[in-house]
Amino acid sequence: APPPEPTKAAQAAASESTTHSYCADDGIPELKDALKKKLLSDNKLKESEVMVCSGSNQAYGNVVVALLDPGDAAVLFTPYYFNHHMALQMN
């Protein structure tokens, strides 16, 4: 049987909705705030906009939607991940 302490910790984490559900597309607000504070204190970057993605596919899709309008041309060099091509087709 697993040790009781880690089992209790896992049960407690599973009961929190923030540990196993989707969040806003731009990330968890507390994490974004912490990153903005770090950028200010360590890098002296004021009023930084921060986006936290769950992976490179989401980040790429967000960039495509933000920068390209329907009908815009985009260059996709090979080799590329098939989802990158799909993101361009959906835009």
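Mentor: Helices here are DSSP runs of H or I with at least four residues, numbered from the N terminus. Keep in mind that this is a predicted model.

Trainee: Okay, in what order do the elements of the chain run from the N terminus on?

Mentor: Start with the tally: the chain has 4 helices and 0 strands. Reading from the N terminus on, the elements run α-α-α-α.

Trainee: What radius of gyration does the chain have, next to a compact globule of 91 residues?

Mentor: Look at the spans to begin with: along its principal axes, the C-alpha trace covers about 55 × 40 × 20 Å. A compact globule of 91 residues would come out near 12 Å, but the chain has a radius of gyration of 19 Å.

Trainee: And what share of the residues counts as buried?

Mentor: On the surface side, the chain exposes about 7,500 Å², with carbon and sulfur atoms supplying 61% of that. To count as buried, a residue needs under 20% relative accessible area. Of the 91 residues, the share that makes it is 10%.

Trainee: Now the charges. Which residue forms a salt bridge with Lys-32?

Mentor: The chain carries 7 positive and 11 negative side chains, and the centres of the two sets lie 10 Å apart. The salt bridge count comes to just 1. Its closest N and O atoms are 2.6 Å apart, and the partner of Lys-32 is Asp-26.

Trainee: Is Lys-32 buried or exposed?

Mentor: Its partner Asp-26 sits at 29% relative accessibility, so Asp-26 counts as partly exposed. Lys-32 has a relative accessibility of 14%, and therefore Lys-32 counts as buried.

Methods
Residues are numbered from 1 along each chain as its sequence is written. This is a predicted model: local features need pLDDT of at least 70, side-chain atom pairs count only at pLDDT 80 or more; totals for chains, interfaces and linings use all residues. Side-chain values use heavy atoms; hydrogens and water are left out. Helices (H or I, at least four residues) and strands (E, at least two) are DSSP runs, numbered from the N terminus. The radius of gyration is taken over C-alpha atoms; the globule rule is 2.2 Å times the number of residues to the power 0.38. Buried means under 20% relative accessible area, exposed over 50%, partly exposed in between (1.4 Å probe, protein chains only). Accessible areas come from the Shrake-Rupley method with a 1.4 Å probe; for residues, only the protein chains shown count as cover. Lys and Arg count as positive and Asp and Glu as negative; His and the chain ends are not counted. The place of a charge is taken as NZ of Lys, CZ of Arg, CG of Asp or CD of Glu. A salt bridge is a side-chain nitrogen of Lys or Arg within 4 Å of a carboxyl oxygen of Asp or Glu.
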